[in-house]
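Trainee: Could you choose one part of this model and take a close look at it with me? I would like the cut-offs along the way, so that I can follow each term.

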Amino acid sequence: MFKNNKGFTLIELIMVTIIMGVLAAVAIPRYMNTVVKAEEAAEDAVIGAIEAGLSNYAVEQMIDNGRKSWPTHPFEGLEVVPVGYTTDTDDADTDGEWTFNTTNNTITHQRNDNSRVKWVYDKGVQTGDNAAVGSISARSNL
C-alpha cells in the first residue's frame, strides 16, 4: 500500500563517500605542509632570537674588551636560552630539543615529526687584525 521512501539510496551514500575521500585527499597534504611551514617559522624565530642575543653579547664584549666577538658556544652568550635547549653536546634527539653539537659546531633542532635540522655556527675570528664576529648559516637537513 504505502511505500516508506525515507532514507538514502546506496548510490547517494557512495557519492557522499567519494566526495569525502576527494576532500580528504586534498586537505591532508595541505595541512601537513602548513605544519611544516609553522615549524620552519618557529625555528626562524628562535634562530633570530639567538642572533639578536649574540649581537648583544658582541656589543658587551666591545665595551669590555674593545672588540666585538661571539662565544665559542652560542648558547653561553645568551641571557635567555630557547625553550627545549639542553646541554647535550651531540645532535638533538628528542622532539622540540635544541642542542649545540660541539664536534661539528652545529645548532640542531628536532621537530615533532622526528626530522632534524641544523645551522652551522661560526664564532668568527677572535683576535688579530682580521677579527670579526661570527655567523649562523641557513637551515639545512641533518
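Mentor: Gladly; what follows is a walk along one helix and its partners elsewhere in the chain. A word on the ground rules: this is a predicted model, in which local features need pLDDT of at least 70 and side-chain atom pairs count only at pLDDT 80 or more, while totals for chains, interfaces and linings use all residues. Residues are numbered from 1 along each chain as its sequence is written, and side-chain values use heavy atoms, with hydrogens and water left out.

Our part is helix H1 (10–65); helices here are DSSP runs of H or I with at least four residues, strands are runs of E with at least two, and both are numbered from the N terminus. Let's begin with its charged side chains. Side chains of opposite charge can pair when their charged atoms come close. The rule for a salt bridge asks for a side-chain nitrogen of Lys or Arg within 4 Å of a carboxyl oxygen of Asp or Glu, and the count comes to four by that rule.

Glu 39 and Arg 111 meet in one of them, at 3.9 Å from N to O. This bridge links distant parts of the chain, with Glu 39 in helix H1 and Arg 111 in the loop between S2 and S3, 72 residues apart. Burial is judged by relative accessible area: under 20% is buried, over 50% is exposed and in between is partly exposed (1.4 Å probe, protein chains only). Glu 39 has 17%, so it is buried, and Arg 111 counts as buried because its value is 9%.

Asn 112 has its place in the loop between strand S2 (106–110) and S3. Its relative accessibility is 54%, so Asn 112 counts as exposed. A contact means heavy atoms within 4.5 Å, and Asn 112 touches Glu 39, Asp 95 and Gly 96, leaving out residues up to four places away in sequence.

Arg 139 pairs with two acids of the helix. Its bridge to Glu 43 is 2.9 Å, N to O, and spans 96 residues, from the loop between strand S4 (132–136) and strand S5 (140–141) to helix H1. For the bridge between Arg 139 and Asp 44, the closest N and O atoms are 3.0 Å apart; here Asp 44 is in helix H1 and the two residues are 95 apart in sequence. What about exposure? Arg 139 is partly exposed because its relative accessible area is 27%, and Asp 44 is partly exposed because its value is 43%. Glu 43 has 1%, so it is buried. Taken together, Glu 39, Glu 43, Asp 44, Arg 111 and Arg 139 are linked in a network of salt bridges.

Glu 43 has further partners to look at. Apart from neighbours within four places in sequence, Glu 43 is in contact with Trp 98, His 109, Arg 111, Val 117, Trp 119 and Arg 139. Two of these, Trp 98 and Trp 119, are both buried. A pair of aromatic rings is described by the distance of the centres and the angle of the planes. Rings of Phe, Tyr and Trp (its six-membered ring) pair if their centres lie within 6.5 Å; planes under 30 degrees apart are stacked, over 60 edge-to-face and the rest tilted. Four such pairs are found in the whole structure. One is Trp 70 with Tyr 121, stacked at 5.9 Å centre to centre and 5 degrees between the planes.

Now for the nonpolar side chains. A nonpolar core is a set of buried Ala, Val, Leu, Ile, Met, Phe, Trp, Tyr and Cys residues joined through side-chain atoms within 4.5 Å. The largest one has 14 residues, and those with the most contacts inside it include Ile 47, Ile 50, Leu 54 and Trp 119. Helix H1, strand S1 (98–101) and strand S3 (116–125) each supply at least two of its residues, and H1 gives the most, with four. Leu 54 touches residues including Trp 70, Pro 71, Leu 78, Tyr 121 and Ile 136, again setting aside those up to four places away.
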